Amino acid sequence: ILMVDEKGKNMKCLTFFLMLPETVKNRSKKSSKKGNSSSSSSSKLPPVCYEIITLKTKKKKKMAADIFPRKKPANTNTTAVQQYHQQNLNNNNTIPAPNWQGLYPTIRERNAVMFNNDLMADVHFVVGPPGGTQRLPGHKYVLAVGSSVFHAMFYGELAEDKDEIRIPDVEPAAFLAMLKYIYCDEIDLAADTVLATLYAAKKYIVPHLARACVNFLETSLSAKNACVLLSQSCLFEEPDLTQRCWEVIDAQAELALKSEGFCDIDFQTLESILRRETLNAKEIVVFEAALNWAEVECQRQELTATIENKRKVLGKALYLIRIPTMALDDFANGAAQSGILTLNETNDIFLWYTAAKKPELQFVSKPRKGLVPQRCHRFQSCAYRSNQWRYRGRCDSIQFAVDKRVFIAGFGLYGSSCGSAEYSAKIELKRQGVILGQNLSKYFSDGSSNTFPVWFEYPVQIEPDTFYTASVILDGNELSYFGQEGMTEVQCGKVTVQFQCSSDSTNGTGVQGGQIPELIFYA
């Protein structure tokens, strides 16, 4: 017996020497032949002998996996282990080997063998909707240890002794992912099943798996799936995920509204998006997205996608679209000819644009506030010289990284130092050589040392703690202002930005000086 004190410094090995009953019996017979007078002493067991050996060590306590490190087994055992792991992937497979326990040194590994295994299973689950069910084996003790819901189901006061339990509201793949976590302590998530797995984890109160699902969704969050995840995060009551979804939808509103996922949201989520004050999108884009949603909603309700039915499914949400704030061209060529508005509504909105005395409208007429862009300026001063800064088709580039997720909307650039001039700018944003955003546009420089914004078509999502490359190729007046006394780290609000030189820069821009003085972003 190995005894260890609380600090794990002193260990005592206590060795017992016990005599077998047969040995005691033989000794008793020999003692009686020799004439021992005490018969009672022959019937008693001999005294227990023991020896104590004190071992001193500075090592910490170890788990079974540390004490018995898993060695590479022989070829025969390797094949057997692989077969057993493969059997776990299939349903209703038992382990035929009589000594499979010997192949796994830790209780965790032996417990994992029971995952999706009929061996010793005392309950079965029929998971999935009718027509798509799968029968999965389970072990009540293991499930009860991993979930309070399973504990109440199998060992609570109202426990029912059923050999088969039907679960029609959970997808088989999601239920298997939850079982794998309970049995194997492994989290195996996939983009197409993570929402269903989150539902299962919430239903059976497996909080650590649910947290892992939310983290997975946050890291994979983009404008394409933000609207759908917003709807689901509200359903699952995950406020952190909800906030992250709103950040993406606000900053990349036009991308989010044009995504296929937007048409899959429920009516309540639609209303919350149309009501959003900080939505960073043109109102014509919001209007077109609402019509696309209405068309898909008609299909869901098995209605013909006519103008009347589209307006019917939109209901009062139509008046959350701020049509009077559209540009006049957008209204005249878009909303006014869509047919979704009544004749009186169209006339009143035209009067709203043109008449001094504006009519009352049911539509919200106040423009959205949108998001206010922040500017990170990396130079402490700027200058110009007769031989700098020249542009001959060469690239000015700088690398940067942030400590919080932001959305780069564009760059601030210097202009001409020789009076007013127009520049053509090709801006680009890359991560590890992959282009994330680019745009070709023009900007007018008034001859001052101010910076002039050049925008991407859509804001680009930037993840924290990763370096990105900002580049620009300018064509215009060869002499311009340039930055000096560059900083390697700049604090901009709650965001810290780090800069380093880029190998893509062939025109002299670096950390200490050059072009691209500003990053324009939403946070």
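## Exercises on a predicted model

Asp465 is exposed, since its relative accessible area is 66%. Keep in mind throughout that this is a predicted model.

### Exercise 1: Placing Asp465

Work out where Asp465 is found and which residues Asp465 touches.

*Solution.* Start with the secondary structure: Asp465 is found in the loop between β13 (451-462) and β14 (468-475). Next, check the accessibility. The cut-off for exposed is over 50% relative accessible area, and Asp465 counts as exposed because its value is 66%. Now look at the contacts, skipping residues up to four places away in sequence: Asp465 touches Val402 and Asp403. Finally, pick out Gln498, which is 33 residues away from Asp465 along the chain; the two C-alpha atoms are separated by 9.5 Å.

### Exercise 2: Cys184 at its helix

Decide whether Cys184 is buried or exposed, and list what Cys184 is in contact with.

*Solution.* First find the element: Cys184 is in helix α8, which covers residues 172-184. Then take the accessibility. Buried means under 20%, so Cys184, at 6% relative accessibility, counts as buried. Leaving out neighbours within four places in sequence, the contacts of Cys184 are Arg108, Ala112, Phe115 and Leu179. Arg108 deserves a second look: Cys184 and Arg108 are 76 residues apart in sequence, yet their C-alpha atoms are 6.8 Å apart in space.

### Exercise 3: The nonpolar cores

Find out how many residues the largest nonpolar core has, and where the largest share of them comes from.

*Solution.* Begin with the count: the largest nonpolar core has 93 residues, and Phe125, Phe175 and Ile323 have the most contacts inside it. Helix α15 (residues 283-300) supplies the largest share of this core, with ten residues. Now bring in the domains: at least three residues of this core come from each of domain 1 (80-218) and domain 2 (223-352). Apart from this core there is another one, of 36 residues, including Ile398, Tyr423, Phe499 and Ile516.

Then zoom in on Ile323. Not counting residues up to four places away in sequence, Ile323 touches Glu283, Phe287, Phe331, Ala335, Leu341, Ile349, Tyr353, Phe363 and Val364.

### Exercise 4: Sorting salt bridges

Which residues pair up in the salt bridges of Arg300, Asp504 and Asp188, and how does burial compare within the pairs?

*Solution.* The structure holds 18 salt bridges; take three of them in turn.

- **Arg300.** Its side chain meets that of Glu297 in a salt bridge, 2.7 Å from N to O. Both residues lie in helix α15, three residues apart, about one turn of the helix. Arg300 is partly exposed at 39% relative accessibility, whereas Glu297 is buried at 13%.
- **Asp504.** Asp504 forms a salt bridge with Lys430, and the closest N and O atoms are 3.0 Å apart. This pair links distant parts of the chain, 74 residues apart: Asp504 sits in the loop between β17 (495-501) and β18 (518-522), and Lys430 in strand β11 (residues 421-431). Asp504 is partly exposed, with a relative accessible area of 29%, while Lys430 counts as buried at 16%.
- **Asp188.** The side chains of Asp188 and Lys180 meet in a salt bridge of 3.5 Å, N to O. Asp188 counts as partly exposed because its relative accessibility is 46%.

To finish, step beyond pairs: Arg135, Glu164 and Arg166 are linked in a network of salt bridges.

### Exercise 5: A nonpolar patch outside

Which residues join Tyr141 in a nonpolar patch on the surface?

*Solution.* Locate Tyr141 first: its place is in helix α6 (residues 140-146). Tyr141 is exposed, because its relative accessibility is 60%. Its partners in the patch are Val145 and Tyr155, and the three together have about 380 Å² of accessible area.

### Exercise 6: The whole chain

Say what the secondary structure of the protein chain comes to, and what share of the residues is buried.

*Solution.* Count the elements: there are 18 helices and 18 strands. Move on to burial: of the 523 residues in the protein chain, 42% are buried. The accessible surface comes to about 29000 Å², and 52% of it belongs to carbon and sulfur atoms. Last, take contacts between residues at least 6 apart in sequence: 72% of them join residues at least 24 apart.

Conventions. Residues numbered from 1 in each chain as written. Predicted model: local features only at pLDDT ≥ 70, side-chain atom pairs only at ≥ 80, totals over all residues. Heavy atoms only, no water. Patch = residues over 30% accessible without salt bridge, like charges linked within 9 Å, V, L, I, M, F, W, Y side chains within 5 Å. Areas by Shrake-Rupley, 256 points an atom, 1.4 Å probe, with all protein chains shown as cover. Salt bridge = Lys/Arg side-chain N within 4 Å of Asp/Glu carboxyl O. Helix = DSSP H or I, 4+ residues; strand = E, 2+ residues; numbered from the N terminus. Buried < 20%, exposed > 50% of the residue type's maximum accessible area, 1.4 Å probe, protein only. Core = buried A, V, L, I, M, F, W, Y, C linked by side-chain atoms within 4.5 Å. Domains from an automatic or database assignment. Contact = heavy atoms within 4.5 Å.
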